[in-house]
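Biologist: I am new to this structure. Could we go through it together?
Modeller: Certainly; here it is.
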Amino acid sequence: MKAKIRDFWAEDRLIFILLTGAVVVGLAAMVGFLVPQKNRDAASYTGIATIIVAGYAAGWARAVRSRARTGEKRSRGTASLGKNVLRFVSEYAFLAGLAAYAWESGNGHDSLIRLAGAICFLMWSGAEIASARSSKGSALSRNRRHVPVGVAALAGLAMAFELTTPQPHRSQPAWLTALGIVLVVGLIATTPYAVIEWIRRSDERESLIANRSLAFAFIVTMTLVLTFSLLEALKVGPSLRPDYVIATATTSWFGAWFVLQRRM
Amino acid sequence: MSTDVAKDKRSLLGWLVKVVGDGAFVAALIAWIATGSKTGTPRDRGLMALGFFVSGVVDMADLWRKARQATARPDGSITVSFSLSLFLAFDRATANYAHGRPAWLTAFSLVILLCLVVSVGIGVYRLRRSEDERQRALVNGSLAFAFLATLAVVMVFAFLQSSNIGPKLEPSYVFITAAVAWFAALFVLKRRM
């Protein structure tokens, strides 16, 4: 155990410090420590967004460093232009969507930025699906782990929906609400398809990962609902909204899937 | 209260703590029955909540001790732990008085809520430790099904909310869906696997 901690400290010290700092700043923003009382709501969203973006950036930094250490080079030149574009979109659109989410959470309410963020998440979804399908069995797919088609579709749609939901005490144009309705209809329609396809195509290991990550997401989501339910009884904090449940379920599912994929 | 007393190895201090916890539970229960349907003063409710809370914390510590020693059950049954004491403590500490609830009672409720969340985590840990291969597959499969069923219900409510029609999502709807879906899936999978 001690050796593991020592190795971790030697390898990932910088990332650990950066991530801890971001979590501390994010939590401080969430409890409104750094902002006046009137901006408390925006601060809590900024806090959540800071932690998400920092986690993503830390993972990215780790991947870049690991690639630099092993001397592995990206094989952009060997793939076609279309595949390079797909890879670029799948790597950066999600980050751009998260940046839009963070910006929107902290700086009021700009419908066009929300729309742009939602489009980024949808582009990421589309690129992941197209990339997984087009590079099946090729050298490109061996170099890289793809997000399963179902997970990519659901995660992208859910995050885009999150950006189009009406926020409390804020007005929202009708076209953004209409887009939200289209996205949630898409989510409802996609869920059975995604799950069936995932289970049908997955092998023993994949189905084990699927079940375990779904079970983990279920427990996290139920804990969130329990907390909100009891807070409501206390008349403390906001009331439960469907987008909170969807965002928690998606994030925990995706997180668990990602971790299990690496560990199993 | 544990039924397998002969097998349970506790130190003397452990037994004393357990007796204190059970005694606090019984005392709080008697006080509750004596209060009847009256709301009661904040002090009385706080004391009742404290009794249940002490019992809940002792149970939680005991659960943690058992979780660390747990092995798969030979009869293949699945143990789900549920902290009744903490729920009762929370119920006693959340009275809504017409003139407002005292701040210390609200703070106490938040502490109980935190312990409840921790006890959920310990319960899950114990469940994972006491499973064999088949039980694990059953639990994971049924939880996965329950998750998807719950998510579908929440998405329907999200749709209704976006369209400004229909009722609001209540936590109880989520719990009922989750519980029914989980038990149904567990029942079916137990027969099929």
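Modeller: Helices (H or I, at least four residues) and strands (E, at least two) are DSSP runs, numbered from the N terminus. This is a predicted model, where local features need pLDDT of at least 70, side-chain atom pairs count only at pLDDT 80 or more, and totals for chains, interfaces and linings use all residues. Residues are numbered from 1 along each chain as its sequence is written.
Biologist: Where is A:Ser213 placed?
Modeller: A:Ser213 lies in helix α8 (residues 204–234) of chain A.
Biologist: Is A:Ser213 buried or exposed?
Modeller: A:Ser213 counts as buried because its relative accessibility is 0%; buried means under 20% relative accessible area, with a 1.4 Å probe and protein chains only.
Biologist: What does the side chain of A:Ser213 reach?
Modeller: That side chain comes to 3.0 Å from the backbone oxygen of A:Ala210.
Biologist: Turning to the two chains, how many residues does each give to the contact?
Modeller: Chain B gives 39 residues and chain A gives 38, contact meaning heavy atoms within 4.5 Å.
Biologist: How many salt bridges are there between chain B and chain A?
Modeller: The count is zero, taking a salt bridge as a side-chain nitrogen of Lys or Arg within 4 Å of a carboxyl oxygen of Asp or Glu.
Biologist: Which helices of chain B supply the side that touches chain A?
Modeller: At least two residues each come from α3 (84–93), α4 (103–129), α5 (133–162) and α6 (171–192) of chain B.
Biologist: And which gives the most?
Modeller: α5(B) does, with 17 residues on the side of chain B that touches chain A.

Conventions
Chains lettered and ligands numbered in written order. Heavy atoms only, no water. Buried < 20%, exposed > 50% of the residue type's maximum accessible area, 1.4 Å probe, protein only. Polar contact = N/O pair within 3.5 Å; in protein donor to acceptor, adjacent residues only side chain to side chain.
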